[in-house]
Amino acid sequence: MTSPELVSDFGATRLAPEPHALPAAPARTPVQRTRVLLWDLPLRVFHWSLVASVTAAIVTGELGGSWMAWHGRAGLAIVGLLVFRVVWGVVGSATSRFTQFAPTPASVLRYLRGRWRGVGHNPLGALSVFGLLGLLALQAGTGLFGNDDIAFAGPLNHLVDDTLGSRVTGWHRLLADGLFVLIGLHLLAIVFHVAVKRHRLIRPMITGVAEVEAGTPLPRPVGRGRAGLALALGLAAAGLAAILWLGREPATAAQPVAAEPAAVPAATTAARTVATTAAASSAPSW
Ligand code: HEM
Ligand code: HEM
C-alpha cells in the first residue's frame, strides 16, 4: 500500500487518491472512495493535548489538597489550548474552521433525516463541539477567579472579594458536573458511531487521514501562509499562558514554589526567570 501524497498539510483537505481506492470500472463496487486529509496536524495535537490536560484537571481537582497546584497548571494549559483553538477556528484549515461546520436548524434536520453529506464535524457533532469548547472556557474562566478555602487561589482570585470568589468557585464546581455529562456524551457518541454505524472516527483523529465517498463535497482549502500565521498566533497564545503558569506558580502551603526543578527544561527555566522577575514587582497572589 502506497502512502497517500499530501498536497498540503495545514490547509488542504484533498489527498492524491490511492490507486486501489479508485478501481477502474468497478463492476460490483458501487461506491468509489477517496482519501482526504480530514484533520490537520495542529487540530490533532490540540485534541489530544486537550484530552490529557482536561483529564489531569479533573483528577487533580477531585483530589484537591496539594494536587491543586497541578490543577492550576493543567487549567492554564487548557486556557492556552482554547485560545489556540479560537484562532485556529477562524483562520485555520478547512475542516477546523468554525464557519465550515457551524450547525443551522436546517443542517441538523438534514443530518437527522440522513440527507447531510460532507466531511468534518456533522451538524449534530458540531453542536457538541461548540458545547464542549464553550463549557471548557467557562470552567477555566471561573477557575481563574476561584479558591479552595485552604491554600490555593486562582491567579485572578485577588481581583474579586471573598463573597464573589466563593460564588464563582461554586459555579466552577457546578460547571464541572455539566462537563462530566458533555464528555460522557462525547465518548458515548464516538462509541455509537464506531460500534454501531461502523464509522472510522478515531484513526483520523490520530493520523489525520480518512476515506470518504468520491464526490463528497470538500471544504475549500486555505493557503499555507494563512495557516502558518494562525499556527504562530496560536502558539504565541499558548506560550503566553505557559509563561503565566511558570511565573505565577501557586504558592500554596502544601506545594512550595520550588517543587519540581528537575522536570523543568532549560528553555522553560529561562521563561521562569523572566516571568519571575516580572512577577516579583507585582507580588502575585499565587
Ligand atoms: C477529556 C476528554 C475529551 C475531550 C474534552 C474532547 C474534546 C473534543 C473536542 C473539543 C472535539 C472537537 C475538535 C475540534 O476542536 O474541532 C473533539 C472531537 C473528537 N474527539 Fe474528543 N475529547 C475527549 C476525549 C476523546 C477520546 C477519549 C476520543 C477517542 C477515543 C475522542 C475522539 C474524538 C473524535 C474522533 C473527534 C472528532 C469527531 C468528529 O468526527 O466530528 N475524544 N473532542
Ligand atoms: C477546564 C479546566 C478545568 C477543569 C475541568 C476543572 C475541574 C475542576 C474540578 C472537577 C474540581 C473539583 C470540584 C469539586 O470539588 O466538586 C475543581 C476545583 C477547583 N478548581 Fe478547577 N478546573 C479547571 C480549571 C481551573 C483553573 C484554570 C483554575 C485556577 C487556576 C481552577 C481552580 C479550581 C479551584 C480553586 C478549585 C477548588 C474548588 C473547591 O474548593 O471546591 N480550575 N476544578
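1. The helix pair α5 and α6. In this predicted model, the axes of α5 and α6 approach to within 9 Å and cross at roughly 155 degrees. That angle makes α5 roughly antiparallel to α6, because angles over 145 degrees count as roughly antiparallel. The crossing of α5 past α6 is left-handed.

2. Residues at the contact of α5 and α6. From α5, the contact is made by S128, G131, L132, L135, L138, Q139, T142, G143 and F145. On the side of α6, the residues are G165, V168, W171, H172, L175, A176, G178, L179, L182, L185, H186 and A189. Sorted by class, the contact of α5 with α6 holds 12 nonpolar and nine polar residues, and no charged ones.

3. The surroundings of ligand 2. The shell around ligand 2 has 27 residues, and the closest are G61, G75, G143, D148 and G154. Four helices give two or more residues each to this shell: α1 (41-63), α2 (68-91), α5 (123-145) and α6 (162-196). In the shell around ligand 2, 12 residues are nonpolar, 11 are polar and four are charged. G143 appears in two places, among the closest residues to ligand 2 and in the contact of α5 with α6.

4. The surroundings of ligand 1. Ligand 1 has 19 residues around it, of which V54, H121, G125, L201 and M205 come nearest. At least two residues of this shell come from each of α1, α5, α6 and α7 (202-207). The largest share is that of α1, with six residues. By class, the shell around ligand 1 contains 13 nonpolar residues, five polar and one charged.

5. Helices that serve both shells. α1, α5 and α6 are among the helices with at least two residues in the shell around ligand 1, and α1, α5 and α6 are also among those with two or more in the shell around ligand 2. α2 is listed for ligand 2, and α7 for ligand 1.

6. H71 in α2. Is H71 buried or exposed? H71 lies in helix α2 and has 24 other C-beta atoms within 10 Å, so it is buried; the cut-off for a buried residue is 20 or more.

7. The partners of H71. Setting aside its neighbours within four places in sequence, H71 is in contact with A57, T60 and G61. H71 and T60 stand 11 residues apart in sequence, and their C-alpha atoms are 5.2 Å apart in space. Another of these partners, G61, is one of the closest residues to ligand 2.

Technical notes
Residues numbered from 1 in each chain as written. Chains lettered and ligands numbered in written order. Predicted model: local features only at pLDDT ≥ 70, side-chain atom pairs only at ≥ 80, totals over all residues. Near = placed C-beta within 6 Å. Nonpolar A, V, L, I, M, F, W, Y, C, P; charged D, E, K, R; others polar. Axes fitted to C-alpha atoms, helices over the stretch in contact; angles between N-to-C directions. Parallel < 35°, antiparallel > 145°, perpendicular 65-115°, else oblique. Left-handed = near helix turned anticlockwise from the far one by under 90°. Contact = placed C-beta atoms within 7 Å. Buried ≥ 20, exposed ≤ 12 C-beta atoms within 10 Å, placed from the backbone.
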